[in-house]
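Biologist: Can you pull up the model for me? I'd like to talk it through.

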Amino acid sequence: MILSSYANSSVEEVASTGSGIRFFQLYVHKDRNLVAQLVRRAERAGFKAIALTADTPRLGRREADIKNRFTLPPYLTLKNFEGLDLGKIDKTDDSGLASYVANQIDQSLSWKDVKWLQTITSLPILVKGVLTAEDTKLAIEAGAAGIIVSNHGARQLDYVPATIMALEEVVKAAQGKVPVFLDGGVRRGTDVFKALALGASGIFIGRPVVFALAVDGEAGVPKVLQMLHDELELTMALSGCRSLKEITRNHVVADWDHPRVLPRL
């Protein structure tokens with residue numbers, strides 16, 4: 001899983017829940033000493049990589065947040081920032097989150113920061129938010145150990161392409177030098193299958209977990225993961241794939257209005 005800098009549970013709390021592969025999604029603040037502290041805490045907590053958020057030097061215009069004057073309820077805080085006077089999002093006349101990000105996030109973020117992060121941690125740096133071949137090449141040149149194809153849940157920029165539409169371009173540009181992951185838009189096991197067929201090394205899901213929590217709390221999460229697993233397994237069987245390695249580009253038709261899976265015998 002990937003834990004955000006802005007999660008309501010700290011890296012230490014999440015690490016205490018047991019074993020598992022975890023990445024830390026980093027938002028780069030203006031205070032670089034603070035950033036270094038966060039990275040080192042994640043490293044000490046056993047996280048395996050840093051996912052550098054590259055697509056949010058400024059927050060997109062989230063109109064629902066503005067209309068609702070979004071802020072955190074009093075019983076929730078940004079746990080990784082507790083004790084630093086940065087754990088709460090103040091109420092404002094528009095979006096409290098937008099104001100928080102505008103005040104804290106370093107808008108000068110650039111490819112040089114991938115190299116800077118490498119000077120403060122031995123963890124691999126994945127760049128999250130890549131959607132084009134050009135940025136894929138720049139990320140690799142900067143020293144990225146992996147790419148996460150993501151449009152930030154389509155909440156940053158209107159009319160941005162779906163991640164499944166951008167995936168193959170990124171995979172081709174990476175030329176096998178680094179793994180490419182897909183994040184966003186996955187609702188079915190067939191979506192997982194299509195992403196693997198187009199070259200993804202792995203798939204992250206976000207909203208299905210939130211939906212599962214809303215429906216059935218903690219018990220809902222393993223249920224939704226099992227549903228995705230079962231749907232993927234069935235799709236593989238009906239496509240003639242006995243293992244993940246047998247899923248190839250030939251199993252999908254890239255009609256971007258509706259990418260299709262080709263059944264095989």
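**Salt bridges, cores and loops**

Modeller: Let's start with one lysine: Lys194 is buried, at 10% relative accessibility. Bear in mind that this is a predicted model.

Biologist: Which residue does Lys194 form a salt bridge with?

Modeller: Asp191. The closest N and O atoms are 3.5 Å apart. Both residues sit in helix H8 (residues 189-197), 3 residues apart, which is about one turn of the helix.

Biologist: Is Asp191 buried or exposed?

Modeller: Buried. Its relative accessibility is 17%, and the cut-off for buried is under 20%.

Biologist: Any networks? Which residues do shared salt-bridge partners join?

Modeller: Arg32, Asp106 and Asp113 form one network. Within it, the side chains of Asp113 and Arg32 meet at 2.9 Å, N to O. That pair links distant parts of the chain, 81 residues apart. Asp113 is in helix H5 (residues 112-120), and Arg32 is in helix H2 (residues 32-44).

Biologist: How accessible are Asp113 and Arg32?

Modeller: Asp113 is buried, at 8% relative accessible area. Arg32 is partly exposed, at 21%.

Biologist: How many salt bridges does the count come to?

Modeller: The count is 11. Another one of them joins the side chains of Asp183 and Lys128, at 3.7 Å, N to O. Asp183 lies in strand E6 (residues 180-183) and Lys128 in strand E4 (residues 125-130), so this salt bridge ties together parts 55 residues apart in sequence.

Biologist: Asp183 and Lys128, buried or exposed?

Modeller: Asp183 is buried, and so is Lys128.

Biologist: Switching to confidence. What is the mean pLDDT of the chain?

Modeller: The mean is 91, and 94% of the residues reach 70 or more.

Biologist: Where is confidence lowest, and where is it highest?

Modeller: Lowest in strand E9 (residues 260-261), with a mean of 62. The highest value is in E6, at 98.

Biologist: Now the inside. How many residues has the largest nonpolar core?

Modeller: It has 60 residues. Those with the most contacts inside it are Phe24, Leu26, Leu117, Ile147, Val149 and Leu167. H2 supplies the largest share of this core, 6 residues.

Biologist: Why would nonpolar side chains be buried together?

Modeller: As a general point, nonpolar side chains tend to be buried together in soluble globular proteins.

Biologist: Take Ile147. What is it in contact with, beyond its neighbours within four places in sequence?

Modeller: Val127, Val130, Thr136, Ala139, Val170, Val178, Pro179, Val180 and Phe181. Phe181 also turns up in a second, separate core of 7 residues. Phe23, Ala49 and Phe204 are among the others in that core.

Biologist: You've put Phe23 and Phe24 in separate cores. Which way do they point from strand E2?

Modeller: Phe23 and Gln25 point one way from strand E2 (residues 23-26). Phe24 and Leu26 point the other way, and all four residues are buried. In general, side chains in a regular strand alternate between the two faces of the sheet.

Biologist: What does E2 pair with?

Modeller: Strand E1 (residues 2-4) pairs with E2 in the parallel sense, over 3 bridges. Ser4 stands opposite Gln25 there. E2 also pairs in the parallel sense with strand E3 (residues 49-53), over 4 bridges. In that pairing, Leu26 stands opposite Leu52.

Biologist: How does the chain cross from E2 to E3?

Modeller: Through H2. This β-α-β crossover is right-handed.

Biologist: Next, backbone oddities. Which residues other than glycine have a positive phi?

Modeller: Two to look at are Tyr159, with phi near 70°, and Gln175, with phi near 55°. Tyr159 lies in the loop between strand E5 (146-150) and helix H7 (163-174). Gln175 is in the loop between H7 and E6.

Biologist: Buried or exposed, those two?

Modeller: Tyr159 is exposed, at 84% relative accessible area. Gln175 is exposed too, at 57%.

Biologist: Last one. Where is Asn151 found?

Modeller: Asn151 is in the loop between E5 and H7. Unlike Tyr159, which is exposed, Asn151 is buried, with a relative accessible area of 10%.

Biologist: What does Asn151 touch, leaving out residues up to four places away in sequence?

Modeller: Asp55, Leu131, Gln156, Val160, Pro161, Ala162, Thr163 and Asp183. That is the Asp183 that meets Lys128 in a salt bridge.

Terms used
Residues numbered from 1 in each chain as written. Predicted model: local features only at pLDDT ≥ 70, side-chain atom pairs only at ≥ 80, totals over all residues. Heavy atoms only, no water. Salt bridge = Lys/Arg side-chain N within 4 Å of Asp/Glu carboxyl O. Helix = DSSP H or I, 4+ residues; strand = E, 2+ residues; numbered from the N terminus. Buried < 20%, exposed > 50% of the residue type's maximum accessible area, 1.4 Å probe, protein only. pLDDT = per-residue confidence, 0-100. Core = buried A, V, L, I, M, F, W, Y, C linked by side-chain atoms within 4.5 Å. Contact = heavy atoms within 4.5 Å. Pairing = 2+ DSSP bridges. Right-handed = clockwise from strand over helix to strand, strands pointing away.
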